[in-house]
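Q: Please take a close look at one part of this model. I want to know what surrounds it and how it is held.

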Amino acid sequence: MEQFESAPSKISAVESPKTPSGNRFSISRMPFFYPRLKTFFINRKTLRRCFFHSLVFLILILVTGSKTFAASPGLVVSGNQFQTSGGCVTRLRGVNVPSLEWSNAGEGPVQSSVTSAIGTYKANVIRLPLNQDRWFGCQGASAASYQTIVDNVVNYCSANNAYVILDLHWSGTTSTASAPCGAGWTSSTGQQDMPDANSVTFWANVAARYANNSAVFFGLYNEPKSVSWAIWQTGGTTTQGFTTPGHQALINAIRGTGANNIIFIGGLDWAYDLRSIDTYPFTSPGNGFAYDVHIYGHKGNGTDAASNWDTETTIAAGNHPVFIGEFGPDSAGPSCNNDSGTFDAAIFAFANGTNNRNYVYSWAAWAWHNSACPAMLSALPSTLNAWHGQPVANQLATAVPTCGGGGTPLPTNTPTRTPTNTPTTVPPSISLTKTTGGPTSGYQENGTNIPMTIMVCNASGSVTANSVTVVDNVTNPLAWAQNGPNFSQWVVTVSGAPVTINPLNTSGLPVTWIVNNLPGGSCVPINFNMIAYSFNATDSCQVVSDHGTATWAGGGPYNSNTIAITVLCNTSTPT
């Protein structure tokens with residue numbers, strides 16, 4: 001939620017939302033406020049609700065404990081949709097459950113809020129804001145207690161055919177990564193312009209914990225803002241003065257754990273502007289990327305700013321799933337929600353693809369919290385009205401069509417902007433050429449880099465190849481090791497289309513890559529280095545034979561030419 005988390009004075013207020021008198025935190029005491037604020041308070045009514053939800057959660061556990069639930073089916077990104085492996089299109093609809101960003105134990109409490117949102121209102125996705133300091137126990141409570149709360153939410157969603165987006169909501173301002181909670185670790189967290197260096201550590205830890213859990217998605221950063229698209233993508237200095245690693249570094253940290261979970265990425269302008277995401281793409285898709293947009297009443301031209309929302313978001317929906325990760329009317333006035341349902345009608349018409357729009361959005365309303373503004377869904381059904389949660393409840397009560405018994409994918413709305421480079425299951429003919437980046441002789445053993453290149457070409461000019469497996473095969477008469485492409489992933493631009501190369505194995509022989517999204521009529525160079533090591537103190541020169549092999553679904557293997565590389569022996573000491 002944008003403006004609230006931008007001011008340190010407001011952040012500190014959130015850390016202790018209860019005033020000495022137990023009344024609502026007064027925004028009139030702030031130096032300034034915006035039309036839309038996340039405000040929180042605790043009073044006796046809130047405590048009664050907390051008790052009520054705890055009781056509800058206990059009853060649900062007792063009632064359902066003997067039942068076997070279906071685990072959430074794994075989803076992947078296919079074009080601009082979320083799909084199961086069987087091709088069933090899935091639409092996500094749910095609610096944010098905040099408080100773990102400012103509270104070690106959460107409020108509501110968190111678990112019973114999730115239980116009610118899913119069990120009572122039939123949400124199938126929970127967006128769960130997190131704080132990287134609290135995750136590691138840097139804010140007073142233990143890391144284990146905080147992480148257990150998150151585990152419980154994940155387990156409940158998984159057991160009830162729902163999903164959870166773990167959202168890095170608050171972070172610090174550290175330019176150089178350090179050990180969690182140690183020297184150099186910023187202990188004052190909040191909504192920053194961008195994630196900081198310690199956010200890389202956070203995501204590596206979280207991803208390792210929930211790697212490939214079918215119920216879990218990763219929301220890289222809540223609301224990026226006030227930086228260029230280049231910094232948004234790959235890092236640089238923020239207007240706050242710290243160096244951000246950029247979103248690609250966070251993706252690398254996640255994929256480095258082996259986690260292929262879908263990743264949600266917010267655009268700029270408080271996660272509202274998605275217009276340049278195709279100009280600044282990301283590598284290492286795993287199960288895919290979705291883009292997160294936050295829409296509030298003041299965005300655009302007022303309560304029904306659908307034409308402006310189209311400009312900012314639908315352009316991205318042509319090629320990617322777009323998820324409305326937060327939405328709500330401006331939250332001024334005593335009622336918190338001040339539009340009596342006008343904004344809600346507009347946003348759902350937009351999200352449902354009506355009003356001559358051609359894309360159906362997944363979404364999560366802000367927010368489920370007894371004291372949140374705007375409170376788009378209430379803990380107690382009896383309190384719902386046009387001003388408070390009823391439109392969201394009505395949407396969730398409308399069943400989302402599911403695939404039939406035969407597994408036929410749902411018909412989906414196609415955006416006006418037609419995606420390009422649509423992958424096919426079986427690519428066309430692939431040619432493979434093995435070359436070196438230099439001479440084939442004269443290299444020294446035990447440390448000299450031998451630059452190599454495999455050219456993978458798609459001969460067709462009309463069909464896009466997908467998932468071509470390339471294996472580099474090396475044989476030589478002596479034992480030696482090989483170093484892969486710097487243990488990294490990168491993008492090569494060919495004919496204006498990004499081609500991602502994912503190394504599957506870079507530490508031994510053979511070396512294997514997956515080449516994704518290879519446009520017809522184009523070639524991709526896979527550049528890497530080899531290093532020859534000798535384990536024989538009396539050896540003479542080595543001759544290494546190197547060639548590549550390509551395979552794909554329904555085709556291959558296709559072998560490249562073989563190249564002989566002479567490596568000179570320059571040591572008499574075994575290594």
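A: The answer starts with one helix and works outward to the sheet beside it.

This is a predicted model: local features need pLDDT of at least 70, side-chain atom pairs count only at pLDDT 80 or more, and totals for chains, interfaces and linings use all residues. Residues are numbered from 1 along each chain as its sequence is written, and side-chain values use heavy atoms, with hydrogens and water left out.

The part is helix H5, residues 143-159. Helices (H or I, at least four residues) and strands (E, at least two) are DSSP runs, numbered from the N terminus. The 17 residues of H5 should span 24 Å at 1.5 Å a residue, and the end C-alpha atoms are 24 Å apart, so the two agree. The expected span is 1.5 Å times one less than the number of residues. After H5 comes Asn161, with a positive phi near 60 degrees. Most residues other than glycine have a negative phi.

Which residues of H5 are buried? They are Tyr146, Gln147, Ile149, Val150, Asp151, Val153, Val154, Tyr156, Cys157 and Ser158. Buried means under 20% relative accessible area, exposed means over 50%, and partly exposed lies in between (1.4 Å probe, protein chains only). An α-helix has 3.6 residues a turn, so residues three or four places apart point the same way. The buried residues of H5 pack against helix H3 (110-119), strand E5, helix H4 (132-135), E6, H6 and E7.

Now the core. The largest nonpolar core has 78 residues. Leu128, Val150, Leu166, Phe218, Trp232 and Phe327 touch the most other members. H5 gives the most to this core, with seven residues. Such a core is a set of buried Ala, Val, Leu, Ile, Met, Phe, Trp, Tyr and Cys residues joined through side-chain atoms within 4.5 Å. In soluble globular proteins, nonpolar side chains tend to be buried together. A second, separate core of 13 residues includes Val456, Ile501, Trp513 and Ala550.

Leu128 meets H5 directly. Leaving out residues up to four places away in sequence, Leu128 touches Val150 and Val153, along with Val97, Leu100, Val110, Val164, Ile165, Leu166 and Asp167. Contact means heavy atoms within 4.5 Å.

H5 also carries a charged pair. Arg209 and Asp151 form a salt bridge, with the closest N and O atoms 2.6 Å apart. The cut-off is a side-chain nitrogen of Lys or Arg within 4 Å of a carboxyl oxygen of Asp or Glu. This pair ties H5 to H6 (residues 197-210) across 58 residues. Asp151 counts as buried because its relative accessibility is 18%. Arg209, at 38%, counts as partly exposed.

There are seven salt bridges in the structure. Another one joins Glu326 and Arg127 at 2.9 Å, N to O. Glu326 lies in strand E12 (residues 322-328) and Arg127 in E5 (residues 125-131), 199 residues apart. Both Glu326 and Arg127 are buried. Arg127, Asp167, Asp292 and Glu326 form a network of salt bridges.

Next, the sheet. Eight strands close into a barrel in the order E4-E5-E6-E7-E10-E11-E12-E13, with parallel pairing. The twist averages 30 degrees from one strand to the next. Angles run from 0 to 180 degrees between N-to-C directions, and axes are lines fitted to C-alpha atoms, for helices over the stretch in contact. E7 and E10 (residues 263-266) run parallel and are joined by two bridges. Two strands pair if DSSP finds at least two bridges between them. Gly219 has Phe264 in E10 as its bridge partner. Helix H11 (residues 342-351) packs on the sheet and touches E11 (289-296), E12 and E13 (362-365); its direction makes about 175 degrees with that of E12.

Last, the loops beside the strands. Gln192 sits in the loop between E6 and H6. At 8% relative accessible area, Gln192 is buried. Among its contacts beyond four places in sequence are Ser171, Tyr221, Lys225 and Phe242. Lys225 and Asp193 meet in a salt bridge of 2.4 Å, N to O. Both Lys225 and Asp193 are buried. Ser226 lies in the loop between E7 and H7, and has a positive phi near 60 degrees. At 46% relative accessibility, Ser226 counts as partly exposed. After E13, the peptide bond from Trp366 to Ala367 is cis, with omega near 5 degrees. Ala367 is in the loop between E13 and helix H12 (390-397).
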